[in-house]
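Reader: I am a first-year student, and I would like to take a close look at a single part of this protein. Could you walk me through it slowly?

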Amino acid sequence: MAASKREEGATDIARALEKVSGYFVKAAEKPEKEVQQDLAVDWTRLFRGVSPNYGPPPPYEAVYNQTHLALPELLMKILSSYHEGGVTVEKDAANRPDYIGVEFEYLQFLGEHEIEDLKQGDQEEANRYREWA
């Protein structure tokens with residue numbers, strides 16, 4: 001009988017944890033600077049999309065957005081949304097505003113403010129944060 005989806009998922013997680021564990025064992029044998037360099041290279045490969053033949057597509061909204069907006073228009077739309085929600089992205093920020101990590105931080109900011117407003121009994125203000133998300 002075929003394994004259930006849950007069992008398959010558990011097996012996939014176990015394999016991934018074995019790989020992570022194996023990485024830690026190997027990394028412990030290397031100088032710290034070399035491990036830092038290796039991690040920086042892997043991070044770039046995974047999150048910068050340096051080449052279509054090297055790593056997955058980068059986690060930027062512009063890569064996956066279906067509105068067909070030009071990049072400058074999309075970035076301005078995102079920045080405008082951040083501004084409406086009370087967030088300013090610094091011009092010298094390490095990542096573009098459409099980077100998934102920045103977008104997750106924005107959602108975290110909105111969620112934390114929504115929760116705080118709900119605790120204080122301010123449903124109207126909490127709803128505003130929910131609308132921006």
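Where is the place of aspartate 98, and what surrounds this residue?

Author: This is a predicted model, and in it aspartate 98 lies in the loop between H4 and H5. To see where that loop belongs, it helps to begin with the whole chain, which has 6 helices and 0 strands, so that from the N terminus on its elements run α-α-α-α-α-α. The two helices on either side of the loop span residues 71-84 in the case of H4 and residues 100-119 in the case of H5.

Although it sits in a loop, aspartate 98 is buried, because its relative accessible area is 0%, and a residue counts as buried when that value is under 20%. Of the 133 residues of the chain, 18% count as buried, and aspartate 98 is one of the buried residues. Setting aside its neighbours within four places in sequence, aspartate 98 is in contact with Pro59, Tyr60, Glu61, Ala62, Leu71, Leu75, Ile78 and Glu103.

The side chain of aspartate 98 also has a charged partner, for arginine 96 forms a salt bridge with aspartate 98, and the closest N and O atoms are 2.8 Å apart. Side chains of opposite charge can pair when their charged atoms come close. The two partners differ in exposure, because arginine 96 is partly exposed, with a relative accessible area of 31%, whereas aspartate 98 is buried at 0%. A search of the whole structure finds 5 salt bridges; another one joins lysine 30 and aspartate 38, also with 2.8 Å from N to O, and there lysine 30 is partly exposed at 34%, as is aspartate 38 at 26%.

Two of the contacts of aspartate 98, Tyr60 and Ile78, lead on to the largest nonpolar core, which has 11 residues and includes both of them, along with others such as Leu74, Tyr82, Val102 and Trp132. Helices H4, H5 and H6 each supply at least two residues of this core. In soluble globular proteins, nonpolar side chains tend to be buried together. Tyrosine 82, a member of the core, is in contact with Val87, Val89, Pro97, Val102, Glu103 and Tyr106, once its neighbours within four places in sequence are left aside. Glu103 therefore appears twice in this account, being in contact with tyrosine 82 and also with aspartate 98, which is buried.

Definitions and conventions. Residues are numbered from 1 along each chain as its sequence is written. This is a predicted model: local features need pLDDT of at least 70, side-chain atom pairs count only at pLDDT 80 or more; totals for chains, interfaces and linings use all residues. Side-chain values use heavy atoms; hydrogens and water are left out. A nonpolar core is a set of buried Ala, Val, Leu, Ile, Met, Phe, Trp, Tyr and Cys residues joined through side-chain atoms within 4.5 Å. Buried means under 20% relative accessible area, exposed over 50%, partly exposed in between (1.4 Å probe, protein chains only). Helices (H or I, at least four residues) and strands (E, at least two) are DSSP runs, numbered from the N terminus. Contact means heavy atoms within 4.5 Å. A salt bridge is a side-chain nitrogen of Lys or Arg within 4 Å of a carboxyl oxygen of Asp or Glu.
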